[in-house]
Amino acid sequence: MNKKQFEIGPVILANGNVVKVGVKEGLISKIEKIDSDKKELNRSNLPYLFPGCIDMHVHLREPGAEHKETIITGSQAAIYGGVTTTGDMPNNNPLADAIKQIENKIGLSADAPGTVVFHIAAGNN
């Protein structure tokens, strides 16, 4: 298998099943249940596999404070921590309080690696 296609496992799912997970081009392509009663399978040493987490209160700091964090670096950090969906707070400079600013932030997040970024707006415009 190559980098675009590989298997992970055995791993334990949240429901307790022991499985091998096939990944193809970044997506789960198969889940194969493993007999977890086998003597050679030591469940205490297996990693757990969970769905991605959601963090609906993040400050990605772009635009206006890129020296602290960008949408790309914040998304990278989220992925490394198991967060696949974020809600970006609107306290940027300029303030994300109108469609024009939100459209700009959507454009900035187009290359965010592997995450879904929701840009939250606040204001009177």
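**Entry 1: Glu32 and its partner**

I started at Glu32, which is partly exposed with a relative accessible area of 37%. A reminder to myself: this is a predicted model. Which residue does the side chain of Glu32 meet in a salt bridge? I found Lys30, at 3.7 Å from N to O. With a cut-off of 4 Å between a side-chain nitrogen of Lys or Arg and a carboxyl oxygen of Asp or Glu, the pair counts because 3.7 Å falls within it.

**Entry 2: Lys30 again**

I stayed on Lys30 and looked for another partner. Lys30 also forms a salt bridge with Glu7, and here the closest N and O atoms are 2.9 Å apart. Lys30 sits in strand E3 (residues 27-33) and Glu7 in strand E1 (residues 5-13), so this pair ties together parts that are 23 residues apart in sequence. Put together, Glu7, Lys30 and Glu32 are linked in a network of salt bridges.

Next I checked how open these side chains are. Lys30 has 36% relative accessibility and counts as partly exposed. Glu7, at 33%, counts as partly exposed as well.

**Entry 3: the remaining salt bridge**

How many salt bridges does a search of the whole structure find? I got three. Besides the two at Lys30, I noted Lys105 with Asp88, where the closest N and O atoms are 2.7 Å apart. This pair links distant parts of the chain: Lys105 is in helix H2 (residues 99-108), Asp88 is in strand E6 (residues 83-88), and 17 residues separate them.

Are Lys105 and Asp88 buried or exposed? Lys105 is buried, at 2% relative accessibility. Asp88 is buried too, with a relative accessible area of 0%. Buried means under 20%, so both values qualify.

**Entry 4: E1, E2 and E3**

The Glu7 to Lys30 pair made me look at the strands around it. E1 and E2 run antiparallel and are joined by six bridges. Between E1 and E2 I see a hairpin with four residues in between, and Gly16 in the turn has a positive phi of about 95 degrees.

E2 and E3 also pair in the antiparallel sense, over six bridges. Their hairpin has two residues between the strands, and Glu25 in the turn has a positive phi of about 50 degrees.

Which residues stand opposite Val23? On one side I have Phe6, and in E3 I have Ile28. As for E2 itself (residues 18-24), five of its seven residues are buried, so E2 is largely enclosed by the rest of the structure.

I then followed the chain past E3 to Ile34, which is placed in the loop between E3 and strand E4 (48-49). Ile34 counts as buried at 15% relative accessibility. I also checked its C-alpha distance to Val11: 9.4 Å in space, with the two positions 23 residues apart in sequence.

**Entry 5: the parallel sheet**

Asp88 took me to E6, so I looked there next. In what order do the strands of the open three-stranded sheet lie? The order is E5-E6-E7, with parallel pairing. Strand E5 (53-58) and strand E7 (116-119) are the edges, each pairing on one side only. On average, neighbouring strands of this sheet are turned by 15 degrees against each other, direction ignored.

E5 and E6 pair in the parallel sense over four bridges. Val58 has Asp88 as its bridge partner in E6, and Asp88 is the residue I already had in the salt bridge with Lys105. Helix H1 (residues 71-80) packs on the sheet and touches E6 and E7, with its direction at about 140 degrees to that of E6.

**Entry 6: Thr85**

Thr85 lies in strand E6 and counts as buried at 15% relative accessibility. What does Thr85 touch, not counting residues up to four places away in sequence? My list reads Cys53, Ile54, Asp55, Val116 and Phe118.

**Entry 7: the nonpolar patch**

Phe118 was on the Thr85 contact list, so I checked its surface too. Phe118 is in strand E7 and is partly exposed, with a relative accessible area of 44%. Phe118 helps make a nonpolar surface patch of about 390 Å², together with Ile54, Met56 and Val116. Which elements give two or more residues to the nonpolar patch? I noted E5 and E7, and those are the edge strands of the sheet.

Terms used
Residues numbered from 1 in each chain as written. Predicted model: local features only at pLDDT ≥ 70, side-chain atom pairs only at ≥ 80, totals over all residues. Heavy atoms only, no water. Buried < 20%, exposed > 50% of the residue type's maximum accessible area, 1.4 Å probe, protein only. Contact = heavy atoms within 4.5 Å. Pairing = 2+ DSSP bridges. Axes fitted to C-alpha atoms, helices over the stretch in contact; angles between N-to-C directions. Patch = residues over 30% accessible without salt bridge, like charges linked within 9 Å, V, L, I, M, F, W, Y side chains within 5 Å. Areas by Shrake-Rupley, 256 points an atom, 1.4 Å probe, with all protein chains shown as cover.
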